[in-house]
Amino acid sequence: MSAPGTEHDELRERVRGLIRAMPVAQREFAAGIDLDATKLSKALTGTRRFSPHELVRIAEYSGVTVNWLLHGSDDAATVTAVPPPAARSAGHPEEPEPRRRILETAWQLIADRGYHKVRIADIARACGTSPAAIHYHFPTKADVLTEALRRNVKLAFDRQVAELHAVGSAHERLLKLVELQLPVGPVLRAEWSVWLQVWNESALDPKMRELYWDAYNRWYRTIAMTIGSGQEQGTFAPGDPDQLTAQLTALIDGLGIQVLTGKPGSSVATMRRHLRDFIDRAIVHGFAHGAHPSTEEDREA
């Protein structure tokens with residue numbers, strides 16, 4: 001493993017390489033990732049560090065993964081499961097700008113209006129191009145939804161690697177994973193919206209199911225890896241990580257749907273509270289496996 005200073009040097013050099021490979025100047029690159037040009041320059045010279053959010057934006061804008069930025073490989077071992085090939089976004093540094101822009105626009109339209117209400121003509125109009133240009137990159141609207149799902153997977157993977165790669169405690173990582181999954185803010189609510197539509201389409205269209213399960217399995221394995229790591233560290237009670245993962249992911253899905261559909265009494269705050277309560281009772285203290293301490297003293301015994 002590289003020393004921390006070396007890792008940051010390598011990260012800066014990879015970002016410099018991306019800037020050199022892009023058909024824009026450094027100032028335009030900074031604008032493309034919504035970062036002040038001075039802050040970008042300071043990060044590249046080592047007088048400041050890239051934040052997790054900035055790493056995600058760089059990866060999204062450049063068509064690479066945060067895992068590649070940090071480790072030089074999309075498949076590098078990290079604290080979150082790597083997406084299987086079928087679920088990965090097709091992005092790479094040489095990906096044409098029009099395709100990336102079309103996909104970002106289509107993804108947002110699907111999230112805002114719904115898959116069945118978005119036409120190829122709508123995507124073309126929002127991009128300022130023609131339907132033929134959209135079809136060049138995405139032959140059918142189903143292809144657009146497929147790539148929207150892959151984009152969701154990539155965004156989630158990028159965020160998790162950026163936020164978690166330096167967190168050693170499995171308990172802190174699990175709480176952070178939950179926080180990263182809450183439907184708060186425009187990006188995460190849009191991701192949840194796309195997921196809901198993919199769930200519906202995969203229930204009706206068997207062709208969507210393999211891709212959906214490849215994508216969902218990455219999230220599932222990340223939770224299971226984190227629970228198993230916490231048990232090895234002694235911070236989580238013994239138990240079956242797969243059973244606990246099935247329960248926790250089902251709870252996240254159900255509570256998220258309640259928030260997005262506006263169920264009375266549901267909110268991001270109550271979702272967070274329910275999930276933290278489950279983690280505390282079932283995973284940290286092992287209530288799900290027959291331990292039912294009635295007092296704080298019993299929990300600590």
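1. Ser62 sits in helix α4, which covers residues 52-62; helices here are DSSP runs of H or I of at least four residues, strands are E runs of at least two, and both are numbered from the N terminus. Ser62 counts as buried because its relative accessible area is 3%. The cut-offs are under 20% for buried, over 50% for exposed and partly exposed in between, with a 1.4 Å probe and protein chains only. A polar atom of the Ser62 side chain lies 2.9 Å from the backbone oxygen of Ile58.

2. A word on the model before going further. This is a predicted model, in which local features need pLDDT of at least 70 and side-chain atom pairs count only at pLDDT 80 or more, while totals for chains, interfaces and linings use all residues. Residues are numbered from 1 along each chain as its sequence is written, and side-chain values use heavy atoms, with hydrogens and water left out.

3. Now the overall fold. The protein has 15 helices and 0 strands. Its radius of gyration is 21 Å, which agrees with the value near 19 Å for a compact globule of 301 residues; that radius is taken over C-alpha atoms, and the globule rule is 2.2 Å times the number of residues to the power 0.38. Along the principal axes, the C-alpha atoms fill a box of roughly 65 × 50 × 30 Å.

4. On packing, 47% of the 301 residues are buried. Of the contacts between residues at least 6 apart in sequence, 67% join residues at least 24 apart, where contact means heavy atoms within 4.5 Å. One pair to look at is Glu13 and Leu44: they are 31 residues apart along the chain, and their C-alpha atoms are separated by 7.9 Å. Glu13 belongs to helix α1 (residues 4-21) and is partly exposed, because its relative accessibility is 39%.

5. As for the surface, the accessible area is about 14,500 Å², and carbon and sulfur atoms account for 54% of that. There are 36 positive and 38 negative side chains, with the centres of the two sets 6 Å apart. Lys and Arg are the positive ones and Asp and Glu the negative ones, leaving out His and the chain ends.

6. Finally, a backbone angle you may want to view. Asp34 has a phi near 55 degrees, a positive value in a residue other than glycine. Most residues other than glycine have a negative phi. Asp34 is in the loop between α2 (26-32) and α3 (37-45), and it counts as exposed because its relative accessibility is 63%.

Conventions
A polar contact is a pair of N or O atoms within 3.5 Å; within protein, one must be able to donate a hydrogen and the other to accept it, and residues adjacent in sequence count only if both atoms are side-chain atoms. Accessible areas come from the Shrake-Rupley method with a 1.4 Å probe; for residues, only the protein chains shown count as cover. The place of a charge is taken as NZ of Lys, CZ of Arg, CG of Asp or CD of Glu.
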